[in-house]
There are 2 protein chains.
Amino acid sequence: MNTIEPTLIVSKNLVLKNINKIKNKAEKNGIRFRPHFKTHQSVEIGEWLRVLGINCITVSSVRMAECFAKAGWIDITIAIPVNILEIEKMNELAKKVQLNLLIESIETVRTLEEKLKHSVKVWINIDTGYHRDGIEWNETYKIIQIATHIHNAKNMHLTGILTHAGHSYKARNRTEIIAVHEDTINKMVQLQEEFKREGYNNLQISVGDTPTSSVADDFSLVDEIRPGNFVFYDLKQVQIGSCTEEEIAIRLACPVIAKYDERKEILVDGGAIHLSKDFILDKEGRTIYGYISQSLDNEFSKVKDTYVSAISQEHGTIKTNNNNFFQRTNIGDIIYIIPVHACLTTNSMSKLKTLSGKEIQATCR
Amino acid sequence: MNTIEPTLIVSKNLVLKNINKIKNKAEKNGIRFRPHFKTHQSVEIGEWLRVLGINCITVSSVRMAECFAKAGWIDITIAIPVNILEIEKMNELAKKVQLNLLIESIETVRTLEEKLKHSVKVWINIDTGYHRDGIEWNETYKIIQIATHIHNAKNMHLTGILTHAGHSYKARNRTEIIAVHEDTINKMVQLQEEFKREGYNNLQISVGDTPTSSVADDFSLVDEIRPGNFVFYDLKQVQIGSCTEEEIAIRLACPVIAKYDERKEILVDGGAIHLSKDFILDKEGRTIYGYISQSLDNEFSKVKDTYVSAISQEHGTIKTNNNNFFQRTNIGDIIYIIPVHACLTTNSMSKLKTLSGKEIQATCR
């Protein structure tokens, strides 16, 4: 790759492979695939999904929804509890596209009831164990109360119950991911049954973070999945058990600017403003900000005994016990870092380059 | 503050106070104040410094140097070991401005010797204990060898020795900061003496990270200081002992989108893409992504028993044991987060708003 500064490289082949894997799974289960676009935030990568027949998307902010609406997407879920201060922007959006909103409080329902000018679909946000957002799945009384309120309000079409089982990120193998998946489905289906008892017969279920969408096969009891990270994957997903290293579709290309023989370290131009400060801990408890890829060939090959051990704003330190790698790496070379967190890395970089050198903007950042 | 989405607020008064504190110290010591602009990356905030008589600046990338050169800055140090792949851009810059480069290897000297087309000032990058970059301060033979090479090369004017004592960030009080400061000065002066013995009589010394520049008073033995973070300060600097909470000049304004009575948590629209994922550990070992400010009044007042306990891409979780604060905070309110790391927060946001509502772009991001 011909580059002189930190550059985020994406393999379109791998991205398409990753998309098709989940898409086929959704089709086999007869459910809607509504990918989360916060990972790439790119109109162009969005098109790679659109040509495969994907029509519904998820985003994490009104700003992102506006951007993808402008790019022609017409069915958008904003997967964060409604920020009522943005009501005017939501009205503008709802005029043009099928907008799906997340609600979890009576206060918000009341505000929307008063201020919504166009019809939107509403999903009740359910907490199935992550405890970041949503109403506890078993607080049936509270949930049904909000549902009733929504049901009676104008411009709000009660569509279903939605959860983000983010605690799947604590899993460390496929068995643990499947356990979260089954528990999530179980809770959501139980809640759906409760709704049926109250006469709500057509409520849909929306689930599907990257770990469970990647690993589980049976989604027959839900109506849609919304993974995001899977387009690129990253080291965090490998650690969770969602994917293999070979499936990670991005690398941060960084110029080598110094070498330290005594401590077998290589300094690169590339730091926290490119990779973010997310890290994983390896089995020895070391903080890892990235691993190193031998090359940009499609076949992944990680440099052994080598990792990004420290980052500051624009400096990255690569520590190695691999003499061969250390000796052959020179100042002025380019090193390819496999990122820990694809979403934050892409957000930091705001643009990518394909292997053929084409620049792709994270337009909706 | 009238805002509907995560917005980075800056108090110009506090920024000017922070600048003047360091500026006065530099003047008292009769040394050059060369602030690092990577923290704000803003042409406009640069002007706040320029009107105070500051003419020399530090940046951390060629890209940033180009941007500030375009804004009229004519004496710029790129404080990261030279990335030789960017030689053409450096030549363009050196044509227009007084460019100062950091060198720490013979390989890089050789490349520059061959490819530099205009005169630049060169600083030898010294490691005084941080062990991120630079040549170990006591590797005198190696240092003098590089110096001689630079001295004999055309277009390279050997100007001095430079260090970033980043290990001052491990300090936890003023005494520990002063210890790093004195040790740094001591090592740099010893090295300067070695140079004098070799006939290099006019080599300057450049030091000065934010902790030591903020706390130490005696800089009489050095020639310039290059702190950056001090313009804004942050919780990390408070923990180090560089500043008080009252000196922190920025806040991230975030809309409240949910409340959780059972666990006394407040969810805001605002997460890792706004604050970065940098954190501090408090005395109880808890991970803190930010504290909360009562208001935007100049007089700082932190909300007691309250902190940002978790962040994901766009969600921030605020945990509180402060019943009063919890009760009076409602969905749709704005909460002001005091950031952990001002540089990464500003880099993530890419724009700020003054207390009077004026928008400021981090133009050189």
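Guide: Two strands pair if DSSP finds at least two bridges between them, where strands are DSSP runs of E with at least two residues and helices are runs of H or I with at least four, numbered from the N terminus. This is a predicted model, in which local features need pLDDT of at least 70, side-chain atom pairs count only at pLDDT 80 or more, and totals for chains, interfaces and linings use all residues. Residues are numbered from 1 along each chain as its sequence is written, while chains are lettered from A and ligands numbered from 1 in the order in which they are written.

Visitor: With which strand does β15(B) pair over 4 bridges?

Guide: Antiparallel pairing also links β15(B) to strand β16 (residues 302-311) of chain B through 2 bridges, and there Ser293(B) stands opposite Lys302(B). Ser293(B) also stands opposite Tyr336(B) in β18(B). The antiparallel pairing over 4 bridges is therefore the one with strand β18 (residues 334-339) of chain B.

Visitor: Which residues of β15(B) point the other way from Gly290(B) and Ile292(B)?

Guide: In a regular strand the side chains alternate between the two faces of the sheet. All the residues named here are buried, a class that requires 20 or more other C-beta atoms within 10 Å of a residue's own, placed from the backbone, whereas 12 or fewer count as exposed and anything in between as partly exposed. Pointing the other way from strand β15 (residues 290-293) of chain B are Tyr291(B) and Ser293(B).

Visitor: What is the radius of gyration of chain A?

Guide: Chain A has 12 helices and 20 strands. It is as compact as a globular protein of its 365 residues, because the globule rule gives 21 Å, that is, 2.2 Å times the number of residues to the power 0.38, and the radius taken over C-alpha atoms is close to this, at 22 Å.

Visitor: What share of the residues of chain A count as buried?

Guide: One element that is mostly covered is strand β4 (residues 75-81) of chain A, with 6 of its 7 residues buried. This strand runs parallel to β3 (residues 57-59) of chain A, to which 3 bridges join it, and in that pairing Val59(A) stands opposite Ile78(A). Over the 365 residues of chain A, the buried share is 55%.

Visitor: How many residues of chain B take part in the contact with chain A?

Guide: Two residues are in contact if their C-beta atoms, placed from the backbone, lie within 7 Å, and chain A gives 40 residues to the contact. On chain B, the elements giving two or more residues include β4 (75-81), α5 (106-115) and β11 (250-260). The number taken from chain B is 40.

Visitor: Which residue of chain B has the C-alpha nearest the axis?

Guide: A turn of 180° and a shift of 0.0 Å along the axis lay chain B on chain A with an RMSD of 0.0 Å, after least-squares superposition on C-alpha atoms of residues with pLDDT of at least 70 in both. That is the relation of a two-fold axis. At 2.9 Å from the axis, the nearest C-alpha in chain B is that of Lys277(B).

Visitor: What is phi of Asp305(A) near?

Guide: Most residues other than glycine have a negative phi, and most peptide bonds are trans. Asp305(A) lies in strand β16 (residues 302-311) of chain A, and its 14 other C-beta atoms within 10 Å make it partly exposed. Its phi is positive, near 55°.
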